[in-house]
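Hi,

Here is the model I promised to pass on. Have a look at it first, and my notes follow below.

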Amino acid sequence: MAMSNILVVDDDENIVELISLYLVKEKYNVYKKYNGMNILKEIKQNNIDLVILDVMLPGMNGYEVCAEIRRELDTPIIMLTAKSETFDKIKGLETGADDYVTKPFEPQELISRVRAVLRRYKKDSTGLLEIDNIEIDISNYTVMSNNEKVEMTKKEIELLHFIALNKNQVMSRDQLLDKVWGYEYMGDTRTVDVHIKRVREKLPESDVWSIETIWGVGYKFVVK
C-alpha cells in the first residue's frame, strides 16, 4: 500500500519540524509549508492525502485556507490552534475541517488523529469513498455497509456520494437538485427530501457519521 502524503502548514518552523519528525517515523511522506498561499497548487501537485493546518497563519488564516480548499477539494483537514474556545472549534468544523487539535498537544495524540481521519475517509482515483463503516463507489454505483451491499437506486447513490464528498458542509435543497439532478430537472425540492429519507432508511448511521437536517435550508453529512 502506498504511503499517505501529508502536508503540514504552520508558520512556526519548530512545530512543523516536530510534527514532521513523528509523521516520518510512522512512514508518512511529509510536505511542509509555512503560509497558506497557493495551497491548492501544493495539494494537487503532490497528491496530498491529508492537510494539518494551523489556524494562525500570516496572510490568509487557517479558516480562510480551509474554506478555499473545500471549494475545490475534499482532502481531509486537521486544524491546529492555540485557542480552545468552543466557538473556534465550531468555526473550524463549519469551514470543512475533519478534526481539531489544540496546542500544546502530545505528538502521539496528533498521530492518532491522523490515523483515524485517514482510516475513516479514504478516497482513490476510481471514485471510492470510505467513511467509517460505509463504502461508496460512484464509478460502479455500489454502496457497502459493514461489508454488505446496500441496494440503492442510482440517484440515491449519487445524492449520498455528493453530500459525503462535501462532508460537514450545509448543502441546500436547491444545491442538491442542481448537482445531483441537474439544472434541467423540472421537479421541486421535495424530491431531495424523499431521497434523503430513503437513504436514511437503507443506511443506518454510525457513531462516526450522520445525515443531519438543517431546518429551512437542507442537509449536512456530518463526520464526527
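Let me start with the second largest pocket. Twelve residues line it, and those nearest its centre are Leu93, Asn168, Val222, Val223 and Lys224. Helix H4 (86-94), strand E5 (99-102) and E13 are the elements that each give two or more residues to that lining. Bear in mind as you look around that this is a predicted model.

The volume of this pocket comes out at about 200 Å³. What sort of residues make up the lining, by class? Seven are charged, four are nonpolar and one is polar. As for where the pocket sits, domain 1 (3-124) and domain 2 (126-221) both contribute lining residues, so it lies between the two.

Two of the elements around the pocket also belong to sheets, so to speak of E5 and E13 is to speak of both sheets below.

E5 first. It belongs to an open sheet of five strands, in the order E2-E1-E3-E4-E5, with parallel pairing. Strand E2 (29-33) and E5 are at the edges; each has a single partner strand, so one side of each has no neighbour in the sheet. From one strand to the next, the twist averages 20°. The partner of E5 is strand E4 (residues 77-81), running parallel to it and joined to it by four bridges. If you want a spot to zoom in on, Leu80 stands opposite Val101 in E5.

Two helices to look for here:
- Helix H1 (residues 13-25) lies across strand E1 (5-9), E2, strand E3 (50-54) and E4, at about 170° to E2.
- Helix H3 (residues 62-72) lies across E3, E4 and E5, at about 175° to E4.

Now E13. This one is in an open sheet of three strands, ordered E11-E13-E12, and the pairing is antiparallel. The edges are taken by strand E11 (170-172) and strand E12 (209-214), each with a single partner strand, so each has one side without a neighbour in the sheet. Here the twist averages 25° from one strand to the next. Three bridges pair E11 with strand E13 (residues 218-223) in the antiparallel sense, and Tyr219 in E13 is the bridge partner of Met171.

This sheet has helices across it as well:
- Helix H7 (residues 173-181) lies across E11, E12 and E13, at about 75° to E11.
- Helix H8 (residues 190-202) lies across E12 and E13, at about 155° to E12.

That's what I have for now.

Cheers

Note on methods: Residues are numbered from 1 along each chain as its sequence is written. This is a predicted model: local features need pLDDT of at least 70, side-chain atom pairs count only at pLDDT 80 or more; totals for chains, interfaces and linings use all residues. Side-chain values use heavy atoms; hydrogens and water are left out. Two strands pair if DSSP finds at least two bridges between them. Axes are lines fitted to C-alpha atoms, for helices over the stretch in contact, and angles run from 0 to 180 degrees between N-to-C directions. Contact means heavy atoms within 4.5 Å. On a 1 Å grid over the protein atoms alone, a cavity is a set of points where a 1.4 Å probe fits but cannot get out, and a pocket is an open set with protein on both sides within 12 Å along at least five of seven lines; lining residues have an atom within 4 Å of a point. Grid points are joined across faces, edges and corners, and a volume is the space filled by probe spheres set on the points. Ala, Val, Leu, Ile, Met, Phe, Trp, Tyr, Cys and Pro count as nonpolar, Asp, Glu, Lys and Arg as charged, and the others, Gly among them, as polar. Domain bounds come from an automatic or database domain assignment.
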